[in-house]
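Colleague: I am new to this structure and would welcome a guided account of it. Please show it before we begin.

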Amino acid sequence: MHGNKRWAMVALSTIMLTASWAIADDDDHKGEEHGKNKTTENAAPATMDPVYIKECGACHFPFPVGMLPDRSWRAMMADLPHHFGEDATLPEKVAAKILDYAVANAGERSKNRLDRYVASSVKADQVPLRISEVPFFVEEHKEAAKHVNAKGPVSHWSSCPLCHTKADSGSFEEHEIKIPQANK
Amino acid sequence: MIKQSMMAVLFTLMTMMTATAATLEEQLASYRTQGAGTFDAKAGQTLWTTSHGTDPEVGEKICTACHMDDPHKPGKHRKTGKIIEPMAVSVNPQRFTDPEKVEKWFLRNCRQVMGRECTPQEKGDVLSYLGSL
């Protein structure tokens with residue numbers, strides 16, 4: 001892909017994802033079509049399902065679904081009334097649509113090579129429900145672990161965009177990391 | 001035959017109505033058709049500010065744990081930190097204009113906080129409270 005074209009696509013997907021995450025809030029915007037970009041081998045997924053962003057993003061950062069394997073998504077979506085201690089029940093049809101999207105793009109069948117690697121780091125008998133339990137994640141965040149604590153500016157692993165400054169556009173490159181420091 | 005067609009038209013209209021934006025008043029009217037009586041903002045406030053104990057995983061079970069004490073101000077999801085827009089209709093007129101959204105959150109949050117679903121009366125009381133601010 002030519003440099004300019006690639007940059008244009010990155011910029012476009014950044015704007016779209018940022019916008020959709022910003023409006024996801026708990027204010028529901030229905031049926032907006034987001035641009036569809038081709039996913040290159042190692043690029044972050046350029047599109048996220050708008051229903052996924054709207055419903056899941058209403059409470060938390062809409063994590064890239066490729067960071068968990070197929071079986072994790074099936075287990076998660078089968079028990080929304082007990083979603084990490086919260087009741088996250090969705091109408092059946094909406095939940096089914098999100099599950100379709102998640103399993104279609106789950107780690108093992110993602111177009112993204114890194115996602116496939118992440119999925120392969122999970123042992124066959126494990127069904128992680130938290131991305132932060134995936135072996136690849138744990139390994140990659142060894143150094144960052146000391147910055148994540150209840151009293152600091154980064155209190156939960158779920159707050160990806162606090163350190164990954166381009167997370168909203170689906171990019172988690174090392175040079176984009178900026179860890180917020182506690183006020184002293 | 002004609003009766004059937006009319007019913008079909010009526011049903012379609014009703015579906016269209018529930019799918020489009022509703023006012024708070026329409027929302028309250030729908031609770032009345034489900035058996036609720038007169039709504040009481042004071043009772044709604046009591047419900048909104050009553051604690052139902054503590055959940056070991058998520059903390060105190062009370063509306064204000066996430067929505068915060070002042071409904072005119074934004075709340076914050078206690079685990080994810082996600083900002084929740086104000087609940088008071090006076091500062092956030094978009095509140096309660098989407099019946100599907102209202103029901104989705106009542107279902108989740110009543111079960112979360114009270115351990116059961118809210119009755120139409122309770123929902124109407126809470127909306128009356130948040131609509132009166």
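Colleague: What pattern does chain A follow, read along the sequence?

Modeller: This is a predicted model, in which local features need pLDDT of at least 70, side-chain atom pairs count only at pLDDT 80 or more, and totals for chains, interfaces and linings use all residues. Residues are numbered from 1 along each chain as its sequence is written, while chains are lettered from A and ligands numbered from 1 in the order in which they are written. Chain A has 7 helices and 0 strands (DSSP runs of H or I, at least four residues, and of E, at least two, numbered from the N terminus). The pattern is α-α-α-α-α-α-α.

Colleague: Which helix supplies the largest share of the largest nonpolar core?

Modeller: Such a core is a set of buried Ala, Val, Leu, Ile, Met, Phe, Trp, Tyr and Cys residues joined through C-beta atoms within 7 Å; buried requires 20 or more other C-beta atoms within 10 Å of a residue's own, with C-beta atoms placed from the backbone. This core has 16 residues, and A:Tyr52 and A:Leu68 are among those touching the most other members. At least two residues come from each of helices H2 (50–56), H3 (70–77), H4 (92–104) and H5 (113–120) of chain A. The largest share, 3 residues, comes from H2(A).

Colleague: How many residues of chain B are in contact with chain A?

Modeller: Contact requires C-beta atoms, placed from the backbone, within 7 Å. On the chain A side, 14 residues take part, divided into 2 nonpolar, 6 polar and 6 charged. Here Asp, Glu, Lys and Arg count as charged, Ala, Val, Leu, Ile, Met, Phe, Trp, Tyr, Cys and Pro as nonpolar, and the others, Gly among them, as polar. From chain B, the number of residues in contact is 17.

Technical notes. Contact = placed C-beta atoms within 7 Å. Buried ≥ 20, exposed ≤ 12 C-beta atoms within 10 Å, placed from the backbone.
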